[in-house]
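Here are my notes on this model, point by point. The ligand site comes first, then the backbone.

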Amino acid sequence: MAVRVGVLGATGAVGQRLIQLLDPHPEFEIAALTASDASAGKTYRQAAKWRVDSPIPADVAEMTVTATDPDEVPSDVDMLFSSLPSSVGADVEPAFCEAGYVVSSNSSNGRMDDDIPLVIPEVNADHLDLLEVQRDERGWDGAMVKNPNCSTITFVPTLAALTDYGLEKVHVSTLQAVSGAGYDGVTSMEIIDNAIPYIGGEEDKLETESRKLLGEFDGAELSHNGMDVAASCNRIPTIDGHLENVWVETEEELTTDAAAEAMREYPSLDLRSSPDPLIHVFEEPDRPQPRMDRTLGDGMAIAAGGLQASPFGLQYNCLAHNTIRGAAGASVLNGELLLENGYL
Ligand SMILES: NC(=O)c1ccc[n+]([C@@H]2O[C@H](COP(=O)([O-])OP(=O)(O)OC[C@H]3O[C@@H](n4cnc5c(N)ncnc54)[C@H](OP(=O)(O)O)[C@@H]3O)[C@@H](O)[C@H]2O)c1
């Protein structure tokens, strides 16, 4: 029987992607939709300005959107996918966990908290065991799991494939699509014929989240990876798909052939939304490209290419679909992991 799930922030850009992915999902059944008080009481069709590239699911369109409040969500809903603004999530997500709901959240609040697992299932599924610590410390019947920022998710799986060589220094420069800023995030007058070399708060997320994701959990505490990470973030006029240029210095000698093989062979998981392969390595020097490669693995794969030696270690490019692998798909995948591990 499908698990009854809800979407918090269901009318937004990521919320709509969540609806698109959850509606046909055989393990989940959409049973609750929440948004701001301005949307509460409306049907989903009335409340959401639907912009996803497939029709609004007919059954979801007629559901009534409620306020984002634990009292408004039926108690037989087991899991909530959250795509709330982080300022809102910081207040209400803990209230849902306290009320017994398991929350798979895409919002940035709490991502770096010691007892909140920040998870990319193919990279650090073992960090999910932090939930035992979380429940002990917070006394929640529910639980909270986070997925990382969209640009963090793009490069961390490629680093995970190289950890045997000892990661020392990582430089990453991003070329991020406008959808990452939300529909109202960047105006056309700002971005057409332009590139913006600043995305507030983003560089810090890449630097800190990557070290947490590649850290070690000893059953009680999580220690963060000691590598140095420097990030530079740029907004460019693509619609979807974050492209990143990466330089990695390792303790052990790492050839481009060995790096390509390690990325190609890095294992995926048997979860429904995990792509196989996880990392698609291109031989062509001009790939990956956002328009051509963002939908690999139904938008859940990571693409890499342009591997070469440089004075700053291994150099390569990587790409992921920011609203699927980088946001909604990441939360759904974490939901599948929670289900597989008996948290529902
Ligand atoms: N866009 C991306 O590619 C991306 C990638 C990774 C992470 N994220 C993160 O995902 C989250 C959502 O991003 P988004 O682009 O989907 O934002 P968005 O389009 O602005 O949607 C925000 C959602 O939250 C609801 N909301 C706003 N204020 C609220 C309040 N006070 N109480 C309850 N609900 C409220 C909105 O409902 P109404 O329609 O009623 O206003 C809407 O459903 C953010 O934390 C963002 O940082 C986004």
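1. Closest contacts. An oxygen atom of the ligand lies 2.8 Å from a polar backbone atom of Leu84. In the side chain of Ser39, an N or O atom is 2.5 Å from a ligand oxygen. Ala13 takes part through its backbone: one of its polar atoms is 2.9 Å from an oxygen atom of the ligand. Please bear in mind that this is a predicted model.

2. Burial. How much of the ligand does the protein bury? On its own, the ligand exposes 910 Å². The protein buries 72% of that area.

3. Pocket and elements. The ligand sits in the largest pocket. Three elements give two or more residues each to the shell around the ligand: helix H1 (13–22), helix H4 (86–98) and helix H12 (324–340).

4. The shell. The ligand is surrounded by 25 residues. The closest are Thr11, Val14, Ser36, Ser39 and Leu84. Ser39 and Leu84 thus appear here as well as among the polar contacts, Ser39 with its side chain and Leu84 with its backbone.

5. Shell chemistry. Which classes make up the shell around the ligand? There are 16 polar residues and nine nonpolar ones. Charged residues are absent from the shell.

6. Domains. Both domain 1 (3–149 + 327–340) and domain 2 (150–321) supply the shell around the ligand, each with at least three residues.

7. First cis bond. Now the backbone. Most peptide bonds are trans. The bond joining Asp276 and Pro277 is cis, with omega about 5°. Pro277 is placed in the loop between helix H10 (256–265) and strand S12 (279–281).

8. Second cis bond. Where is Pro288 placed? Pro288 is in the loop between S12 and helix H11 (290–293). The peptide bond from Arg287 to Pro288 is cis, and omega is near 5°. Strand S12 therefore borders both loops in question, since the loop of Pro277 ends at S12 and the loop of Pro288 starts there.

9. Positive phi. Most residues other than glycine have a negative phi. Asp193 has a positive value, near 60°. Asp193 lies in the loop between helix H8 (188–191) and helix H9 (202–213).

Note on methods
Residues are numbered from 1 along each chain as its sequence is written. This is a predicted model: local features need pLDDT of at least 70, side-chain atom pairs count only at pLDDT 80 or more; totals for chains, interfaces and linings use all residues. Side-chain values use heavy atoms; hydrogens and water are left out. A residue is near a molecule or strand if one of its heavy atoms lies within 4 Å of it. A polar contact is a pair of N or O atoms within 3.5 Å; within protein, one must be able to donate a hydrogen and the other to accept it, and residues adjacent in sequence count only if both atoms are side-chain atoms. Accessible areas come from the Shrake-Rupley method with a 1.4 Å probe; for residues, only the protein chains shown count as cover. On a 1 Å grid over the protein atoms alone, a cavity is a set of points where a 1.4 Å probe fits but cannot get out, and a pocket is an open set with protein on both sides within 12 Å along at least five of seven lines; lining residues have an atom within 4 Å of a point. A molecule sits in a cavity or pocket if more than half of its atoms lie within 2 Å of its grid points. Helices (H or I, at least four residues) and strands (E, at least two) are DSSP runs, numbered from the N terminus. Ala, Val, Leu, Ile, Met, Phe, Trp, Tyr, Cys and Pro count as nonpolar, Asp, Glu, Lys and Arg as charged, and the others, Gly among them, as polar. Domain bounds come from an automatic or database domain assignment.
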